[in-house]
Amino acid sequence: MANDLHQTRNIGIMAHIDAGKTTCSERILFYTGKTHKIGETHEGTATMDWMAQEQERGITITSAATTVFWNYDNKSYKINLIDTPGHVDFTVEVERSLRVLDGAVALFCAVGGVQPQSETVWRQATKYKVPRICFVNKMDRTGADFYNVVNQISERLHAHPVVMQLPIGQEDSFIGVVDLITKKAYKWSDEKGIEHEEIPIPDDMMEQVEAYHNKLVEAAAEEDEKLMEKFFEDPSSISEEEIIAAIRKGTIAMNINPVLCGSAIKNKAVQPLLDAIVRYLPSPLDVEAVVGTNPETGEECDRKVDPKEPFSALAFKIATDPFVGRIAFFRVYSGSLESGSYVLNASTGKKERISRILQMHANKQQPLDRIEAGDIGAAVGFKEIKTGNTLCDENNPIILESMTFPEPVISIAIEPVSQQDVDKLSNGLMKLAEEDPTFRVKSDENSGQTIISGMGELHLDILLDRLKREFKVECNQGRPQVAYKEAVCSTVEHREVYKKQTGGRGKFADILFEISPADEGVKGLQFINEVKGGNVPKEFIPSVEKGFKASLENGVLAGYPLESLKVRLLDGSFHPVDSDALSFEVCAKMGFREACRKAKSILLEPIMSVEIETPDQNVGDVSSDLNRRRGIMEGIEAKPGGQAIRAKVPLAEMFGYVTALRTLTSGRASSTMEYSHHAEAPANITAEVVKQATK
């Protein structure tokens with residue numbers, strides 16, 4: 001079978017937690033013949049959720065990759081599929097998967113509609129310019145409302161949904177779909193959903209089908225001028241092929257999002273979703289050439305999707321396999337790679353030998369001799385490759401745009417239960433940190449404790465569970481700590497002179513600078529050198545900057561890092577003998593502490609976006625509980641079976657919230673939470689945190 005890139009699709013399934021992503025992936029594996037038994041998430045037998053923790057909890061933690069083949073229009077299409085997690089604590093898994101995908105299926109629950117995490121993944125897909133089609137899943141559930149979800153996609157996501165199918169029946173009476181292109185109705189009757197039969201369109205749907213078919217034709221015509229002319233003359237003269245071609249064009253250009261529906265768990269309407277993936281989502285050839293920079297010259301260069309171009313690939317995930325060791329998942333953008341050959345890791349400047357290339361199927365592998373542009377594979381036998389590294393041809397170096405990851409918001413102190421496990425613990429933590437860029441490990445200088453930080457309680461909980469299972473290390477853990485930040489909110493000018501005379505050559509540095517809040521949108525240090533006439537020699541300026549940069553790690557208020565700071569170096573002086581780079585670096589560090597004491601420093605705390613779905617009778621209790629937690633209400637809207645409350649609440653007040661919410665609502669409410677931003681903490685909280693820090 002020729003590896004025709006026109007017949008390749010690199011896609012991911014993305015959605016809010018519990019919308020049915022993994023169930024949908026399992027059906028895709030079954031209908032494409034990859035598995036012979038349907039895996040079920042609720043039974044813990046899902047192929048894609050292969051980790052023990054995933055099977056126990058019924059959630060996806062790592063994005064699993066697999067390759068399947070689907071026959072459409074008498075051609076075999078290769079689909080590289082990545083099932084991503086929906087839980088916000090694992091948002092990095094979604095982010096790094098989207099970075100290397102050409103298209104995505106956005107899954108929505110027919111009852112829940114557009115939920116908070118659906119909005120997050122949609123934003124991430126827009127950021128990486130990933131075209132997507134929508135699939136409204138769980139049409140069999142009580143409260144399912146297809147038309148409401150379509151409205152929400154339009155209103156909440158500011159998208160342009162184009163309905164491709166209408167459901168026949170909803171909830172228990174959902175039996176199949178009407179295809180709006182062909183105006184044919186299909187019913188899935190056998191239990192495994194392999195066979196489907198054509199049935200007459202129900203009489204009560206005739207008008208609706210006609211109306212939605214006309215909307216679809218109009219949406220297709222808007223994507224193509226020739227079709228627009230035909231549409232005005234005679235809409236019925238537009239052929240099915242022309243509609244499909246125009247919808248594909250509009251989807252790839254990210255102007256429209258085709259919407260399909262079905263019920264993955266009841267095995268209904270998954271095959272048309274596979275057809276739609278092949279029909280409307282881009283092949284690697286439909287995507288623009290990838291742009292990067294030449295590390296030697298700094299010039300911009302691009303790589304076309306062509307096996308004859310120089311090799312370039314992006315490592316988007318590192319995993320540890322008990323049998324083959326470390327695996328790097330990578331997407332090849334150009335050229336080809338033979339197993340056993342050398343590549344340059346442009347991000348580190350070192351050569352790496354890729355001893356074997358594998359095609360992944362969840363946690364099973366199939367060896368490949370070579371891999372070409374447009375494909376996704378996994379490499380084994382490398383020394384050091386990290387998430388986001390660019391691999392390329394030694395003679396044609398290129399660095400592709402790497403990924404940016406959110407900062408952790410929660411930390412806990414851990415220690416091994418027995419002293420013998422200290423080495424095992426550091427080894428395990430090192431491997432987990434390699435796999436997950438949002439997981440940080442550091443040693444507290446004052447207490448000597450090991451502090452781990454992550455995106456939420458569940459995130460750290462699962463990492464500790466993995467330490468126990470995969471690395472056989474039991475840990476004691478401290479109470480969760482919030483990742484506060486500090487900020488300067490006034491402008492202060494300060495002169496710092498550093499002098500040291502200890503016989504022989506001394507130390508001398510003198511700087512005059514101004515610190516103030518950084519400009520909007522700037523993270524980290526914003527350093528501006530305004531020294532005139534060589535009062536501070538050019539070679540010492542980088543040392544001053546380095547000193548300020550290092551100082552941002554520890555603020556003067558309670559030792560928390562500063563998110564951003566603007567420093568203007570105005571003047572200074574030096575000594576021809578005693579001044580050196582180190583003196584100016586130390587001087588900058590001392591000056592920073594003194595200036596920050598003069599300036600007004602504030603404490604910033606992480607604020608979370610919270611959405612709670614609760615029965616009507618508990619709305620009052622839940623709202624007053626959120627107010628008690630310093631929450632700011634943003635809105636309440638009716639949902640099937642209750643209300644959805646949206647609020648912004650400080651993370652410090654949300655520890656153990658799930659348990660408290662269950663108690664309040666007799667276990668009937670559910671909540672989701674994701675990081676929103678850092679905001680100034682009230683005076684009493686600041687005083688308490690400072691007091692704790694100075695103990």
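Let me start with Tyr-147. In this predicted model, Tyr-147 has a relative accessible area of 22%, so we call it partly exposed. Burial stops at under 20%.

Now its partner. Phe-146 has a relative accessible area of 0%, so this residue is buried.

How many aromatic pairs does the structure hold? Eight. Phe-146 and Tyr-147 make one of them, and the geometry is edge-to-face. The centres are 5.3 Å apart, with 80 degrees between the planes.

That pair has company. Tyr-212 joins Phe-146 and Tyr-147 in one aromatic cluster. And look at the ring of Tyr-212. The charged end of Lys-215 sits over that ring, 4.6 Å from the centre.

There is another charge over a ring to show you. Arg-132 lies over the face of Trp-122. The distance to the ring centre is 4.5 Å.

Back to ring pairs. Why do Phe-513 and Phe-548 count as edge-to-face? Their planes meet at 70 degrees, so the pair gets that label. The cut-off here is over 60 degrees. The ring centres lie 5.0 Å apart.

Where do these two sit? Phe-513 is in strand 32, residues 507-516. Phe-548 is in helix 12, residues 541-551. The two are 35 residues apart, and the pair links distant parts of the chain.

Buried or exposed? Phe-513 is buried, at a relative accessible area of 0%. Phe-548 is buried too, also with 0%.

Next, cysteines. How many disulfides does the structure hold? Zero. Take Cys-392. Its closest cysteine sulfur is in Cys-301, 9.3 Å away, and that is too far for a bond. A disulfide needs the sulfurs within 2.5 Å. Cys-392 counts as buried, because its relative accessibility is 0%. Cys-596 is at 2% relative accessibility, so that residue counts as buried as well.

Last stop, Gln-7. Where is it in the chain? Gln-7 is placed in the segment before strand 1, which spans 8-15. Its relative accessibility is 18%, so Gln-7 counts as buried. Again, the limit is under 20%.

What does Gln-7 touch, leaving out residues up to four places away in sequence? The list is Lys-75, Ser-76, Tyr-77 and Lys-78. With Ser-76 we also have a specific reach. The Gln-7 side chain comes to the backbone oxygen of Ser-76, at 3.1 Å.

Methods:
Residues are numbered from 1 along each chain as its sequence is written. Side-chain values use heavy atoms; hydrogens and water are left out. Helices (H or I, at least four residues) and strands (E, at least two) are DSSP runs, numbered from the N terminus. Buried means under 20% relative accessible area, exposed over 50%, partly exposed in between (1.4 Å probe, protein chains only). A polar contact is a pair of N or O atoms within 3.5 Å; within protein, one must be able to donate a hydrogen and the other to accept it, and residues adjacent in sequence count only if both atoms are side-chain atoms. Contact means heavy atoms within 4.5 Å. Rings of Phe, Tyr and Trp (its six-membered ring) pair if their centres lie within 6.5 Å; planes under 30 degrees apart count as stacked, over 60 as edge-to-face and the rest as tilted. A charge sits over a ring if NZ of Lys or CZ of Arg is within 6 Å of the ring centre and within 35 degrees of the ring normal.
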